Amino acid sequence: MSLDLFGTTLAEFNLLPCDGIVNDFGLALAPPDSDALYERLLHGLPWRPDVAVVNGIVTETARRALWYADAPFRYRHSGIDRVAEPWPGDMLDDARRLAEELAQTRFDSCVLNLYRDGTEGMAWHSDSEAAHGPHTTIASLSLGATRKFAFLHKRTRERRDMMLRHGQLIVMRGETQRHWLHAVAKTAAVSTPRISLTFRRFAG
Ligand SMILES: O=C(O)CCC(=O)C(=O)O
Ligand SMILES: [Fe+2]
C-alpha cells in the first residue's frame, strides 16, 4: 500500500515540521478501483451545495458536499448546524475499510466534497476540535483531478503544500487541527472534477 523508500515508508514521513502529523500513503487505491469509485460517486450521489455563514449572511458554496454517518450526529461547521445522513448503501464501505486499515483508526462518518473544476476550492480552516476532540484523526481519499492541498501554521504562518492525486490517501492526526489550517487552492489550470472523502470519528 505505501511505498518503501530506503526502509522507511511514505506513511512514516511527516509532511509537517512541527505541531501535528500528516502522513501520505501515496496511491492507496489502484487506478481501476479509483476510476470505478469516482464514476459511481460522481453520478450516483445527490450532490448539493454546502452552506456557510460569510459576513453574517448564509451563503451556498459552489463546492458540493455530503455528510454520511453511523448515526445522525450533529456538527457545527462554518457557522451552520448540520445533521449526518445514513450511509448511501454500501458505496463507501470499501473506501472506509481502506481508510481504517491505513490510519489504524475506526471511523463513523465521512464528509464528501465535490469540486467541479479549479474555480471551486475550500478556504483556510481547521476541522473542529469540539466535535472530534483535540487529537482527532481524519483520513482523506482523493479521486479525480489533481489539486493542491495546503497547510498554514496558525501562529508562525509557516506553509506546507502537497498535490493530491487520483487514489491518494493522506491522514491528518495528532495536534494538526489545533495548530494548522488547511485549504484546497483554486486554480485556473483544472477543468475537471475532484472528489474528496474525509473519514472522521464523531462518537467518543
Ligand atoms: O477536499 C479536501 O481534500 C479537503 C476537505 C476538507 O478539508 C474538509 O472537508 O474539511
Ligand atoms: Fe478540512
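Three strands do much of the talking around ligand 1: β9 (109–115), β15 (180–184) and β16 (194–200) each put at least two residues into its shell. Keep in mind that this is a predicted model. It scores ipTM 0.99 and pTM 0.93.

**Around the ligand**
- Going along the chain, the residues around ligand 1 start with Val111, Asn113, Met122, Asp127 and Ser140.
- Phe149, His182, Val184, Ser196 and Thr198 complete that list.
- Sorted by class, the shell around ligand 1 comes out as five polar residues, four nonpolar ones and one charged one.

**Confidence**
- Mean pLDDT for the protein chain is 92.
- As for coverage, 92% of the residues in the protein chain get to 70 or more.
- Wherever pLDDT is low, don't read the predicted coordinates in detail.

**Fold and overall shape**
- The secondary structure of the protein chain adds up to 16 strands and four helices.
- What does the radius of gyration of the protein chain agree with? A compact globule of 204 residues would sit near 17 Å, and the protein chain has 16 Å, so the two agree.
- Along its principal axes, the C-alpha trace of the protein chain runs to about 50 × 40 × 40 Å.

**Packing and contacts**
- Buried residues make up 33% of the 204 in the protein chain.
- Take the contacts in the protein chain with a separation of 6 or more: 74% of them come from residues 24 or more positions apart.

Notes: Residues are numbered from 1 along each chain as its sequence is written. Chains are lettered from A and ligands numbered from 1 in the order in which they are written. This is a predicted model: local features need pLDDT of at least 70, side-chain atom pairs count only at pLDDT 80 or more; totals for chains, interfaces and linings use all residues. A residue is near a molecule or strand if its C-beta atom, placed from the backbone, lies within 6 Å of it. Ala, Val, Leu, Ile, Met, Phe, Trp, Tyr, Cys and Pro count as nonpolar, Asp, Glu, Lys and Arg as charged, and the others, Gly among them, as polar. pLDDT is the predictor's confidence in each residue, from 0 to 100. The radius of gyration is taken over C-alpha atoms; the globule rule is 2.2 Å times the number of residues to the power 0.38. A residue is buried if 20 or more other C-beta atoms lie within 10 Å of its own, exposed if 12 or fewer, and partly exposed in between; C-beta atoms are placed from the backbone. Two residues are in contact if their C-beta atoms, placed from the backbone, lie within 7 Å.
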